[in-house]
Amino acid sequence: LLSRSLLLTLEPLTDDDLRGVLHRALADERGLAGSVTLPGDAEAHLLRIAGGDARRALTALEAGAGAALAQSEDTITLATLEQAVDRAAVSYDRDGDQHYDVASALIKSIRGSDVDAALHYLARMIVAGEDPRFIARRLMISASEDIGLADPTALPTAVAAAQAVAMIGFPEASLILSHATIALALAPKSNAATTAIGAALEDVRGGKAGPVPAHLRDGHYKGAAKLGHAQGYVYPHDVPGAIAAQQYAPDELRGRRYYEPTRYGAEARYADVVERVRQRLSGGAEAPARPAAGPARPVAEPAPQADPTP
């Protein structure tokens with residue numbers, strides 16, 4: 001459909017554009033017809049809260065003019081304007097592109113570990129009246145997509161935040177969302193879980209599946225043994241280390257690796273574990289553990305000891 005459509009991108013208006021709209025509205029007979037004036041400080045505030053949207057600017061101007069005239073004043077002072085516009089109308093539309101743009105910027109700022117930018121976009125969503133459950137859902141996705149096993153506490157933190165905001169709601173929910181956003185932004189990052197399932201799904205959708213190995217099939221029904229099902233299966237708990245050297249994947253995918261852990265944060269431990277386990281599963285000797293490398297969480301410096309001398 002896009003190939004047959006004309007796509008127009010509507011950019012936010014500049015402050016100069018908006019200033020011209022406001023001046024015409026103040027002077028035009030179809031507008032306020034010179035009944036009020038707009039000082040510089042009030043105009044600057046109005047431009048800030050308009051967020052590049054002329055409709056928002058005119059709505060705020062009309063509210064401010066109405067408040068001033070109701071008080072028999074011919075000037076829209078900053079105080080009058082702030083009272084008339086109870087909160088900043090940030091550049092955010094819950095039903096339009098801005099909804100997705102700001103949500104995308106929040107997640108990408110978390111992914112990029114920019115905690116301050118993440119908090120800015122979170123605040124924009126909160127002020128715009130976004131459903132806190134929507135924000136919490138995005139944080140849960142981010143916890144697995146961009147952090148994963150580099151910080152195994154990230155997903156429980158995001159889930160706890162989602163449960164909490166569902167029970168509490170605004171305004172207190174903003175504290176919980178801030179808590180979770182900061183934790184995720186500052187966590188070490190890994191997308192290994194994301195790429196692992198992506199590769200596995202690609203293989204399955206590409207027809208790479210194959211029958212389940214006979215020794216892994218269900219052997220609880222009558223006649224299963226005659227078919228060879230569950231025969232030769234080694235119960236891992238019966239062998240040292242609880243890792244049995246036997247085939248688990250279908251023949252077509254034998255030896256195929258999906259999970260490639262990073263050495264960031266806590267995932268360095270999993271990198272060592274998966275290497276040793278794969279070696280054992282293949283029937284080889286266990287590989288020695290490698291020391292963890294890569295950035296991890298900063299370790300706090302020990303607190304200075306108090307001087308015992310009186």
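Angles between helix axes under 35 degrees count as roughly parallel, those over 145 as roughly antiparallel, those from 65 to 115 as roughly perpendicular, and the rest as oblique. In the predicted model described here, this scheme can be applied to helix 1 (residues 15-27) and helix 3 (residues 54-70), whose axes come within 10 Å and cross at roughly 40°. Helix 1 and helix 3 are therefore oblique to each other, and the crossing in which helix 1 passes helix 3 is right-handed.

The setting for this pair is a protein chain that contains 11 helices and zero strands, so that the pattern read along the sequence is α-α-α-α-α-α-α-α-α-α-α. The protein chain has 310 residues, of which 32% count as buried.

Helix 3 also takes part in a pairing with helix 2 (residues 40-50), in which the axes come within 8 Å and the crossing angle is roughly 135°. Helix 2 and helix 3 are therefore likewise classed as oblique to each other, and helix 2 passes helix 3 in a right-handed crossing.

A further pairing is formed by helix 6 (residues 115-127) and helix 9 (residues 173-186), which pack with their axes 9 Å apart and at an angle of about 150°. Because angles over 145 degrees count as roughly antiparallel, helix 6 and helix 9 are assigned a roughly antiparallel arrangement. The crossing of helix 6 and helix 9 is right-handed.

Individual residues add local detail to this picture. A192 lies in helix 10 and has a relative accessible area of 1%; since a residue is termed buried when this value is under 20%, A192 is classed as buried. Although A192 and G148 are separated by 44 residues in sequence, the distance between their C-alpha atoms is 7.2 Å.

Y235, by contrast in sequence position, is placed in the loop between helix 10 (192-205) and helix 11 (267-281). The relative accessible area of Y235 is 44%, and Y235 is therefore described as partly exposed, a category that covers values between the 20% limit for buried residues and the 50% limit for exposed ones. Together with Y233, Y248 and L281, Y235 makes a nonpolar surface patch of about 370 Å².

Terms used
Residues numbered from 1 in each chain as written. Predicted model: local features only at pLDDT ≥ 70, side-chain atom pairs only at ≥ 80, totals over all residues. Heavy atoms only, no water. Patch = residues over 30% accessible without salt bridge, like charges linked within 9 Å, V, L, I, M, F, W, Y side chains within 5 Å. Areas by Shrake-Rupley, 256 points an atom, 1.4 Å probe, with all protein chains shown as cover. Salt bridge = Lys/Arg side-chain N within 4 Å of Asp/Glu carboxyl O. Helix = DSSP H or I, 4+ residues; strand = E, 2+ residues; numbered from the N terminus. Buried < 20%, exposed > 50% of the residue type's maximum accessible area, 1.4 Å probe, protein only. Axes fitted to C-alpha atoms, helices over the stretch in contact; angles between N-to-C directions. Left-handed = near helix turned anticlockwise from the far one by under 90°.
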